[in-house]
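Thanks for coming. I'll take one helix and one strand, and say how each sits in its chain. Please have the model up.

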Amino acid sequence: MAVIPYDPSRPTQTHGEVTRDVIATITSKPTKGYYILLGTMAFLTALLLGSVTMLMKDGLGLAGYAPPIMWSVYITTFVFWVGIGHAGTLISAILFLFRSPWRTAVYRATEAMTVFAVMTAALFPIIHIGRQWIFYWLLPYPNARYLWPNFKSPLLWDVFAISTYLTVSSTFLMVGLVPDIAAVRDHVSGWRKKLYGMLSLGWTGADSQWRHYSRAYLYLAALATPLVLSVHSVVSWDFAVSIVPGWHGTIFAPYFVAGAIYSGIGMVLTLMIPLRKVLKVEHMITDYHFDNLSKLTLFTGSILFYAYAMEYFVAWYSGSTFEQTTFWLRAFGPAWWAGWSMIICNAFVSQLLWFKKIRTNLTSLFVISIFINLGMWFERYVIVTSSLANDYVPYAWGQINPTWADWTILLGSFGWFGLWFTLFYKNFPIVAIQEIKEMIPMPRRKSSHGGAH
Amino acid sequence: MATSVPGVLAHFAHIDGAADAIRELKATGHKDLTVYCAMHNHELEEAIGDPISAVRYWTLFFGLLGCASGFSLAIWMSSDWPLLVGGKPITAIPSFVVIGFELTILFGSLATVAAIIILSAMKSLKGRPYHPKFSDDHIGIFVPCSGEQAAAVEQLLVGHGSVEVSRDA
């Protein structure tokens, strides 16, 4: 791990102070604001559960499903949440392999965000299938009629990709947490000591444990890296393997991966900007981190800009009337507002991050992150619905008509995600204690020049 | 702290002092040391000088097993109920690459985590003393030794800057 230079202007300088400051985020008494936030998230989760129950009782007609648009807000929201789940593993695994020191302060929060985002995403295909109680038919399991799923379908690839991603990202989060939970265990008392004692799995930081742990963490990062790139590629093939105009594109996999990382970092910014203030960890998560996150946003946003331009270019250059019509209708058809929301929020707003003044102004960064979240939801909405609305047969064209069941489940998904995240940040170390300590050089008896200090 | 393994437990506040102490302890024939630290540290790792962890064999073996399982699963299940889909052959290998890839990652990752638990448990730390400061800002070195050796060990550890030494009988 690269060591950042010793910086006397940073208030957290010693290992003891890191332990103290991070554990204080857990042991400090929750404020009234925390309970209000938790209550709001619980309410939205109840809204989600209530709406899903109604949907199970009355069927998908309640969600406005009608030919030709049989994939609608639920699939849009599924892709949106899976995308959010990409920034965490990018920051925790890929930047770990690249030895980027700035990831250390933010990776725990982004990793937790990843797990909860994928947990949210995984609900949507199940909600979407209609008969939710037999969702396990998606899996290959021995059954009385010896029927197996179709392994040539990208939808089954997606089942494998999402379940593997959820398992591996949860594992990665938990493995990273163990030494930190042990640190918490050693500095709390009462029921907390018992709880963290169990969760720390007997960790003591002995050399025999670090020896295996440090290697294993490296291999987990190496395995998670291709995984994060593959998951959204597989999601993109749900669309690209079909022959629907607007979906059947070879650029879909890299286009989706860049979009996923872009949306994930947008959500990281939305969460971290207020959170670091609430938890009083401004001295650990600094402007330096936000500047780097912004540069990553700018990079992925620029790839998206290019991909959007290429989509239109390919449609024109293909000479295919169907492809050209689809893209013409995206910009100037009945859902033009969604098409332009996507282009403005993603391609253009991200370009503001070329300016350092904007990158280091947290208020403007927060506002931009909201635009990113909105823009990326609209991107998926446009891709999913506009292509289905205007297929090969103009006679069968139609328009999407979302209902209250779409909107309440979409809103409720933010509650479900937020509930987990809110509980997590107040009960677990939101900043990685042991990795921050790795960044701070340990005191030495002798200076590098040989003298004592 | 009560312990069943007799020896000396030392606290260090300085990394170089701890690393030097480990090197000298090893040079004077002390084996089976336990070194506690709040984070992974290369200087300590070098001083301890243990071979590279065997976790890598687990990751490799189970990763390959996952890959083979993914392809086998898809090939077997497609052949068990042969249905022509989209004009592709029954055993359409390119379609099965995703399944093979996902199971490679899944098996490899789970085996890696299992390896940390199993390999760490193979060296029992039972009966060895521990102190909460070791997860904070102290490095701990526990030297198993008999009562006669303890005084010399204590002297060695204090000589390298140990800030606290305790003897566990």
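First, a definition: the expected span of a helix is 1.5 Å times one less than its number of residues. Helices (H or I, at least four residues) and strands (E, at least two) are DSSP runs, numbered from the N terminus. The model is predicted: local features need pLDDT of at least 70, side-chain atom pairs count only at pLDDT 80 or more, and totals for chains, interfaces and linings use all residues. Residues are numbered from 1 along each chain as its sequence is written, while chains are lettered from A and ligands numbered from 1 in the order in which they are written.

Helix α11 of chain A covers residues 287–318, which is 32 residues, so the expected span is 46 Å; its end C-alpha atoms are 45 Å apart, which agrees. Its buried residues (20 or more other C-beta atoms within 10 Å of their own, with C-beta atoms placed from the backbone) include A:Phe290, A:Leu293, A:Thr297 and A:Leu304. What do the buried residues of α11(A) pack against? They pack against α10, α12, α13, α14 and α15 of chain A, contact being C-beta atoms, placed from the backbone, within 7 Å. Just after α11(A), A:Gly319 takes a positive phi of about 75 degrees.

Now chain B. In strand β3(B), residues 139–144, 5 of the 6 residues are buried. Strand pairing here requires at least two DSSP bridges. β1(B) pairs with β3(B) in the antiparallel sense over 6 bridges, with B:Val8 opposite B:Val143. β2(B) and β3(B) are also antiparallel, over 3 bridges, and there B:Val35 stands opposite B:Ile141.

Notes:
A residue is buried if 20 or more other C-beta atoms lie within 10 Å of its own, exposed if 12 or fewer, and partly exposed in between; C-beta atoms are placed from the backbone. Two residues are in contact if their C-beta atoms, placed from the backbone, lie within 7 Å.
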